[in-house]
Amino acid sequence: MLTVPFLTDLDPQAAVKGSRDPLGVQTIWARLGRHVVGNLTTVSTSVRDFTTLVLGYYFAERVANEIGGDGDLASFLRWEQLAAYSRGEINGDWKFRGVDRVKKNLQESSRIRLSTDSSAQILSNQKTYGLWGLYTVPARSSGLVEGDPARLTASGRDLVETAYLPLFAKGGYRNGDALVSRLAKPKTELDWQKSDRKLIETVATVLNKRLGIAERDVYRKHLLLGGPQDKTAGGQATLAKAMESTMDDITWRLTPGNVRYLAKRCGADGDNGAVVAERLERIRTAEQLLAPAAALFGLILASDGQTLADVSGVVRRQWGNSVRTIDVEATKSLETDLRDSTGAAETGQRWVEVARTLASGDFERTLGVLLAQNSAVMKARAGAAPWVDVTNRRLRVRFRDDDGGGLPKRSELPEFWRHSYFIDSLRAIALALRSGSHA
């Protein structure tokens, strides 16, 4: 029986990709990516979202210390809601998580509710899909948040006190005291058009699209360069420097050619740069295997009832007699990196076999190895069934994933890229800091 996952409507800013991962590639590309970008995630791409997070933890701590309230999370969620309404209504900045519900609520009423009630939350599960769930870890890795319960580091606190509290004071909210009392209430309503207009305008000023010089310096150190806990030993800073020459190219995207260019730029930057260049070349080699393999598995999922020979014929018509973009020998040197999170040798061996068969044009064998990989991945996940098996020589697809994107053309393979390696997140932060605007 074919199963199609049921998904509720997702906010366009709230999609988190890579969660299903039928071939287990996320572990591979994330491990390789962490060698060059140590603190960011695929979704932590907005400097202003980091600002909102830092202020959320600041106000949550003050509520807990001064009033008690109903817990850090509740105070944080109410602040995130207020920040979203302010950014959208006043700044015209709709690049935040929860934009659809915020727009709807502003259109329907002159009053907005701040509460942890499901009807007031700006996402279906604001704790999980909002900033608390998605930005806390990268903020911790960047040296802005620490401890349990989470509190601002000295750097994070200094950022709030020197860059943001003076802006609250200019709006008439000295030290944010009145805001603390509002956020402490389990439920509060704001008249955003009249009596509480000044409050949301002040919050909007703090969260202006333009970044101030002082905050930009802090974010450069902690977000772009990896912060005091930088796990790349300076490699991230080297990569960020190499990216500077690409900032004016509005069409820039992750491709094998662009990653090779970055590697060459890094390689010219001393011994540390040579190390980063080598890491980028390993990423490029891995992606030229993983991207077409993931596309092939997407084709399998769209081929219910066909034989492996049938599907192989489709591949051959699309890609010719071999995939020439795969370097088998370079891939063999990555065998340990291609193992799954358990370090199983057979996983790495399967990926090397996928590389060999793609390069030689044995596509039917490639498809069989990918089926074996999916079966192994699913078995490791609490003994789940594979998404596809073969019955009476025909594919039986149990689970269809409509996010595959189709099989690329042969001419597209040299620049084909699917996975993040956190490099695009780093570039998004670099662009925001360079222009002075988070958008």
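In this predicted model, A233 is found in the loop that runs between α10 and α11. With a relative accessible area of 65%, A233 is exposed, because that value lies over the 50% cut-off. The backbone here is also worth a look: A233 has a positive phi of about 55°, although it is not a glycine.

The helix before this loop, α10, spans residues 213-224, and its buried residues are E215, V218, Y219, H222, L223 and L224. An α-helix has 3.6 residues a turn, so residues three or four places apart point the same way. The buried residues of α10 pack against α2, α7 (154-170), α11 (235-243) and α18 (423-435). Just after α10 comes G226, which takes a positive phi of about 100°.

G226 also turns up among the contacts of S141, a residue placed in helix α6 (residues 131-141). S141 counts as buried because its relative accessibility is 15%. Leaving out residues up to four places away in sequence, S141 touches G38, N39, G226, Q229 and K231.

On the other side of the loop that holds A233, α11 packs with helix α12 (residues 256-267) at an angle of about 115°, and their axes are 9 Å apart. The two helices are therefore roughly perpendicular to each other. The crossing in which α11 passes α12 is right-handed. Here T238, L239, A242 and M243 of α11 meet L262, R265 and C266 of α12.

L239 has a part in the interior as well. The largest nonpolar core holds 128 residues, of which W79, F168, L239, L280 and W351 touch the most other members. Helix α13 (residues 270-301) gives the most to this core, with 15 residues. For W79, the contacts beyond four places in sequence are T52, L55, G56, F59, F168, L179, L183, V203 and L207.

V203, one of these partners of W79, is a buried residue of helix α9 (residues 197-206), as are L199, I200, T202, A204 and V206. The cover over the buried residues of α9 includes α2, α3 (72-89), α7, α8 (177-184) and β4 (187-191).

Helix α2, which takes part in that cover, spans residues 47-66 and contains E66. E66 counts as partly exposed because its relative accessibility is 49%. A polar contact of 2.8 Å joins the side chain of E66 to that of R62. Although E66 and S181 are 115 residues apart along the chain, their C-alpha atoms are separated by 9.1 Å.

Several loops complete the picture. In the one between α7 and α8 sits N175, which has a positive phi of about 60° although it is not a glycine. N175 counts as partly exposed because its relative accessibility is 32%. Another loop, between β2 (145-146) and β3 (151-152), holds P149, and the peptide bond from D148 to P149 is cis, with omega near 5°.

Finally, T307 is placed in the loop between α13 and α14 (308-319). T307 is buried, with a relative accessible area of 16%. A polar atom of the T307 side chain lies 3.0 Å from the backbone nitrogen of D310. When residues up to four places away in sequence are not counted, T307 touches R393 and R394.

Notes:
Residues numbered from 1 in each chain as written. Predicted model: local features only at pLDDT ≥ 70, side-chain atom pairs only at ≥ 80, totals over all residues. Heavy atoms only, no water. Core = buried A, V, L, I, M, F, W, Y, C linked by side-chain atoms within 4.5 Å. Buried < 20%, exposed > 50% of the residue type's maximum accessible area, 1.4 Å probe, protein only. Helix = DSSP H or I, 4+ residues; strand = E, 2+ residues; numbered from the N terminus. Contact = heavy atoms within 4.5 Å. Polar contact = N/O pair within 3.5 Å; in protein donor to acceptor, adjacent residues only side chain to side chain. Axes fitted to C-alpha atoms, helices over the stretch in contact; angles between N-to-C directions. Parallel < 35°, antiparallel > 145°, perpendicular 65-115°, else oblique. Left-handed = near helix turned anticlockwise from the far one by under 90°.
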